[in-house]
Amino acid sequence: MTTPRLSFEFFPPQTLEASFRLWETVKVLAPMQPEFVSVTYGAGGTTRKLTHEAVTTIGKNYGLNVAAHLTCVNATRAETMEIVDAYAEAGVNQLVALRGDAPKGQERFTPHPEGFASSVELIEALAADGRFTIRCGAYPEPHPDAADDMADVRWLKRKCEAGATSALTQFFFEAETFFRFRDRCEKEGVKATIIPGILPIQSWKGVQRFAANCGANIPEHLGPAFEKAIAEDREQELSIELCTKLCEELIAGGVEDLHFYTVNRPVLTGRVCQNLGLAQGLDLGAVA
Ligand SMILES: NC(=O)C1=CN([C@@H]2O[C@H](COP(=O)(O)OP(=O)(O)OC[C@H]3O[C@@H](n4cnc5c(N)ncnc54)[C@H](O)[C@@H]3O)[C@@H](O)[C@H]2O)C=CC1
Ligand SMILES: Nc1nc(=O)c2c([nH]1)NC[C@@H]1CN(c3ccc(C(=O)N[C@@H](CCC(=O)O)C(=O)O)cc3)CN21
């Protein structure tokens, strides 16, 4: 069994308090020497400037390899390529190219009349540009926009043919979900590395809301387990236990990379990595 490579996802802070949390999260997790970290891009491009600042600051101050998320929402092609130029000038060499969620108040993704109409178009433009390693998203369980059972596999294949060399999956809670998807992708001839996206459950309430919007299935037995854990004030311990088990199963099944959705909180991700024996240099003692 190989030692998996780690990566951590952050979101750009919208308030001063949130920015303290981000820096603490980065500072605590950076010593684990992740392969890369990534910074998300708010729905509708609302965090354009903040994402850029977070990406460059993390790169400069922590020497981490940072991948910036980029979406097609609410921007012309020219505007999107301006953002791309600014990243290249700042020394960023990896992008996570996404179609993007619909902005608040809008039901579904609607392309900008002069914008990229899909993730495939964005990836094609980035590949033609040639300056970046391109990562994309992948959906082991049907994305709400998927037409049928195989749509997400076939669409991922298109994204990889367009130039994405690795895919970060939506979070999921059963290893089997990932393995089934990986097998289907292999059968369809998807060449990219498929990296499981791992969400340690920070908030049981929050994750139920979020999962419903994303089409991620929450196994039924988790409901009573969390209710009991919350009543006994050990919600975090249960999250760590479940997430550790999921990662162990993935590693046993040959997974060589783990991408953690940190939601800008270092403890759960740190503790899971510790349990997996992957947390050299991690010091959780100083976390506020
Ligand atoms: N997957 C991940 O790791 C993350 C995803 N997201 C969000 O997920 C949302 C979706 O973005 P992407 O992953 O780039 O979406 P995408 O372009 O892969 O579309 C999602 C699914 O919708 C269907 N679809 C969309 N456009 C299609 C088309 N033109 N023809 C056929 N099928 C089509 C496919 O089934 C596809 O798998 C974004 O809002 C992104 O911000 C955010 C953070 C991480
Ligand atoms: N479609 C989509 N959009 C995204 O922004 C997105 C994804 N998918 N998938 C991958 C990550 C995971 N993301 C997540 C996942 C869970 C929470 C969540 O549980 N939030 C809690 C707060 C947690 C806390 O206390 O800090 C909440 O109550 O909303 C947030 C973002 C964001 N990312």
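The following exercises concern an enclosed cavity and the surroundings of ligand 2 in a predicted model.

**Exercise 1.** Determine how many cavities of 30 Å³ or more the model contains, and describe the lining of the largest cavity.

*Solution.*
Step 1. The count comes to 1 cavity of 30 Å³ or more.
Step 2. The volume of the largest cavity is about 40 Å³.
Step 3. Its lining is formed by Pro-140, Glu-141, Gln-170, Phe-171, Phe-172, Cys-214, Gly-215 and Ala-216.
Step 4. Sorted by character, these lining residues comprise 5 nonpolar, 2 polar and 1 charged.

**Exercise 2.** Identify which residues come nearest to ligand 2, and state how the residues of its shell divide by character.

*Solution.*
Step 1. A residue is counted here if one of its heavy atoms lies within 4 Å of the ligand.
Step 2. There are 14 residues around ligand 2, and those that come nearest are Asp-101, Gln-170, Gly-206, Tyr-261 and Arg-265.
Step 3. The shell divides into 6 nonpolar, 4 polar and 4 charged residues.
Step 4. Helix 7 (residues 204-214) supplies the largest share of the shell, 5 residues.

**Exercise 3.** Find the distances from atoms of ligand 2 to N or O atoms in the side chains of Asp-101, Gln-170 and Arg-265, and state what percentage of the ligand's area the protein buries.

*Solution.*
Step 1. For Asp-101, a side-chain N or O atom is 2.9 Å from a nitrogen atom of ligand 2.
Step 2. For Gln-170, the distance from a side-chain N or O atom to a nitrogen atom of ligand 2 is 2.6 Å.
Step 3. For Arg-265, a side-chain N or O atom is 2.6 Å from an oxygen atom of ligand 2.
Step 4. Ligand 2 taken alone exposes 680 Å², of which the protein buries 71%.

Key: Residues numbered from 1 in each chain as written. Chains lettered and ligands numbered in written order. Predicted model: local features only at pLDDT ≥ 70, side-chain atom pairs only at ≥ 80, totals over all residues. Heavy atoms only, no water. 1 Å grid on protein atoms, 1.4 Å probe; cavity = no way out; pocket = protein on both sides within 12 Å on 5 of 7 lines; lining within 4 Å. Points joined across faces, edges and corners; volume = space filled by probe spheres on them. Nonpolar A, V, L, I, M, F, W, Y, C, P; charged D, E, K, R; others polar. Polar contact = N/O pair within 3.5 Å; in protein donor to acceptor, adjacent residues only side chain to side chain. Areas by Shrake-Rupley, 256 points an atom, 1.4 Å probe, with all protein chains shown as cover. Helix = DSSP H or I, 4+ residues; strand = E, 2+ residues; numbered from the N terminus.
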